[in-house]
Amino acid sequence: MDSLITSVQDIVREASSLMVKNGFSVKEKGSLENIVTSSDLAVQHFLTRRFRELLPESGFLCEEEDLSDTGHEYVWIIDPIDGTANYARGIRECAISVALVRNGTPWLGVVYSPWRGDMWSAERGCGAFRNGEPIHASSRSFEDGILFTAMSTYRKEFAKLCDEIIFDIYMESNDFRRTGSSAVELCLMAEGQAELYFEMRLMPWDYAAAGLILEEAGGTILGFDAAPPSLSKPSLVVAGNTEENCRRVLATVHRHLDVLPY
């Protein structure tokens, strides 16, 4: 797949020009917290057109416009701008996220942050890279771990529960961070900048690409049931620089949750 991932990287880099151009419009998708910009739509339209040309029989699962056409051997899972709220305010922690899934298994992942100038990528079984250089998750302990997390922005009824879980992890670890882009956070974990991860509810396009990159960098990503997070519906997501640390985060979740609340 070497030539394919190179083509995907080139297409994603080309699409990023639609992000960094001046001027875009913003509208709500049901709430003040959940928005879409004209740049999201432009990037998604560009990517779907180009990926149809690259793999004509492939399908798509994309964040915008309820695009779900998944009955294919190959499916592209796309977040045209992960971190749209950041993007709309000029906060530069945002990225294009593209995963290629084959028969339900992620095979290729590319996350590109144009303002960082960072292109993270992975192919299954081939390791993880940032700007062409190999990356690896850290070897730090849970106690020395930095946690990436958030408070379930789109479902605020889960905020108190998130707070309780985060508090327990925080009291046993080093500190926590929130950037506003799950794709960027998981990629930063893949290169050793953080060790722990918890989000109450994410969509597949938030983690499909970056999750593969983290796994190929030696980390672990799991859903509520200790299996890989779903690639077709919302999922609770935990991750760690090691399997042990990931499962310790999940054990903390299970102390507060017997079943998913959605």
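This passage describes the fold of a predicted model, from the whole chain down to single residues.

We may begin with the overall picture. The secondary structure of the protein chain comprises 8 helices and 15 strands. With a radius of gyration of 17 Å, close to the 18 Å that the globule rule gives for 262 residues, the protein chain is as compact as a globular protein of that length. The C-alpha trace spans about 50 × 40 × 35 Å along its principal axes. Of the 262 residues, 53% count as buried. Contacts reach far along the sequence: among those between residues at least 6 apart, 62% join residues at least 24 apart. The accessible surface of the protein chain amounts to about 11,400 Å², and carbon and sulfur atoms account for 49% of that area. As for charge, there are 24 positive and 39 negative side chains, and the centres of these two sets lie 4 Å apart.

Turning to the strands, 8 of them form an open sheet with mixed pairing, in the order E4-E3-E5-E6-E7-E8-E9-E10. Strand E4 (68-69) and strand E10 (133-135) are the edge strands, each pairing on one side only. Within this sheet, strand E7 (residues 105-113) and strand E8 (residues 118-123) are joined by 6 bridges in the antiparallel sense. Here Gly109 stands opposite Ala122 of E8. In general, the strands of a sheet pair through backbone hydrogen bonds, in either a parallel or an antiparallel manner.

Strand E6 (residues 95-102) of the sheet holds Ala99, a residue worth a closer look. Ala99 counts as buried because its relative accessibility is 0%, where the cut-off for buried is under 20%. Beyond its neighbours within four places in sequence, Ala99 is in contact with Val75, Trp76, Ile77, Leu108, Gly109, Ala208 and Ala209. One of these contacts, Gly109, is the residue that stands opposite Ala122 in E8. Ala99 and Ser121 are 22 residues apart in sequence, while their C-alpha atoms are 9.6 Å apart in space.

A second set of pairings involves strand E15 (residues 235-240), which is mostly covered, with 6 of its 6 residues buried. Side chains of a regular strand alternate between the two faces of the sheet. In E15, Ser235, Val237 and Ala239 point one way and Leu236, Val238 and Gly240 the other way, and all are buried. Strand E13 (residues 196-202) runs antiparallel to E15 and is joined to it by 5 bridges, with Leu202 opposite Ser235. Strand E14 (residues 220-222) also pairs with E15 in the antiparallel sense, over 3 bridges. Ile221 has Ala239 of E15 as its bridge partner.

Among the helices, H6 (residues 182-190) has 9 of its 9 residues buried, so this helix is largely enclosed by the rest of the structure. The buried residues of H6 include Glu185, alongside others such as Val184, Leu186, Cys187 and Met189. After H6 comes Gly192, whose phi is positive, near 90°.

Finally, a loop residue deserves a mention. Asn34 lies in the loop between strand E1 (26-28) and strand E2 (35-37). At 17% relative accessibility, Asn34 counts as buried, because the cut-off is under 20%. Leaving aside its neighbours within four places in sequence, Asn34 is in contact with Glu28, Lys29 and Tyr154.

Conventions:
Residues numbered from 1 in each chain as written. Predicted model: local features only at pLDDT ≥ 70, side-chain atom pairs only at ≥ 80, totals over all residues. Heavy atoms only, no water. Helix = DSSP H or I, 4+ residues; strand = E, 2+ residues; numbered from the N terminus. Rg over C-alpha atoms; globule rule 2.2 N^0.38 Å. Buried < 20%, exposed > 50% of the residue type's maximum accessible area, 1.4 Å probe, protein only. Contact = heavy atoms within 4.5 Å. Areas by Shrake-Rupley, 256 points an atom, 1.4 Å probe, with all protein chains shown as cover. Lys, Arg positive; Asp, Glu negative; His and termini not counted. Charge placed at Lys NZ, Arg CZ, Asp CG, Glu CD. Pairing = 2+ DSSP bridges.
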